[in-house]
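Colleague: Could you take a close look at the aromatic residues of this model and walk me through how their rings are arranged?

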Amino acid sequence: MRKNWEIVKGCELLTEGCDSCPSYWYYKKAGLDYTVTTHLKNLSVPLDDQFTKIYSVALGSDVFHESVTSKELGLIFNTMNRARHHMFEITTKRIERAYCVSKHFNWSENIWLGVSVESSEYQWRIDYLRKSPAKFKFLSVTPMLGELKNVNLKGINQVSVAQETWGLKRPMEKKWVESLEQQCKEQKVE
């Protein structure tokens with residue numbers, strides 16, 4: 001079972017891949033503030049949950065946003081380290097910050113780190129992901145807005161692809177997906 005751990009809410013548009021973020025548009029349409037805020041009142045949610053789950057950490061937000069302090073990140077990582085019966089998926093576009101602060105935290109086996117790479121313009125993010133101490137590393141090519149060529153997948157465990165289903169709904173070409181799928185096969189990545 002999957003569940004969103006709403007430890008951080010809100011975000012800001014960073015790249016063209018954010019233009020159709022369902023969370024952003026939900027908040028905007030509802031007239032709600034989408035400023036990044038940390039919700040430490042939710043810190044114990046995974047610890048209180050005895051049934052094993054896959055937790056998406058701050059889905060629709062970014063736990064590595066600059067407004068989330070190192071102290072708050074420490075509390076979040078402490079919870080994930082203690083709740084080893086769950087698996088935690090962190091997806092970020094702020095992989096540079098994730099990499100810079102990562103040495104201060106324990107990356108237990110149950111913490112997966114992924115980076116969004118929506119087009120070839122952002123392939124540089126993969127190098128930061130590769131250097132991170134996370135044991136399991138994944139690419140989220142969501143939404144796929146262009147072909148990714150000559151992707152070095154060394155040290156990457158998994159790649160997922162999805163087209164834009166919200167907002168702009170820009171087209172995703174079949175050849176982009178097939179090209180990335182072939183690169184994954186050649187480099188033995190799921």
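Modeller: In this predicted model, one aromatic cluster is formed by Trp5, Tyr55 and Phe88. The structure holds seven aromatic pairs, and two of them can be followed here in detail. A pair of aromatic rings is described by the distance of the centres and the angle of the planes. For Tyr55 and Phe88 the ring centres are 5.7 Å apart and the planes stand at 20 degrees, so this pair is stacked. Because Tyr55 belongs to strand S4 and Phe88 to strand S5, the pair ties together parts that are 33 residues apart in sequence. Tyr55 counts as buried, at 0% relative accessibility, and Phe88 likewise counts as buried, at 0%.

The pair of Tyr99 and Tyr128 has its ring centres 5.8 Å apart and its planes at 65 degrees, so it is edge-to-face. With Tyr99 in helix H4 and Tyr128 in helix H5, this pair ties together parts that are 29 residues apart in sequence. Tyr99 counts as partly exposed at 31% relative accessibility, and Tyr128 counts as partly exposed at 26%. A charge also comes into the picture, since Lys131 lies over the face of Tyr99, at 5.1 Å from the ring centre, and over the face of Tyr128, at 4.9 Å from the ring centre.

Turning to one further aromatic residue, Phe64 is, together with Leu139, the residue that touches the most other members among the 43 residues of the largest nonpolar core. Leaving aside neighbours within four places in sequence, the contacts of Phe64 include Phe77 and Trp107, as well as Arg94 and Arg97.

Terms used
Residues numbered from 1 in each chain as written. Predicted model: local features only at pLDDT ≥ 70, side-chain atom pairs only at ≥ 80, totals over all residues. Heavy atoms only, no water. Core = buried A, V, L, I, M, F, W, Y, C linked by side-chain atoms within 4.5 Å. Buried < 20%, exposed > 50% of the residue type's maximum accessible area, 1.4 Å probe, protein only. Contact = heavy atoms within 4.5 Å. Phe/Tyr/Trp six-rings, centres within 6.5 Å; stacked < 30°, edge-to-face > 60°. Helix = DSSP H or I, 4+ residues; strand = E, 2+ residues; numbered from the N terminus. Lys NZ or Arg CZ within 6 Å of the ring centre and 35° of its normal.
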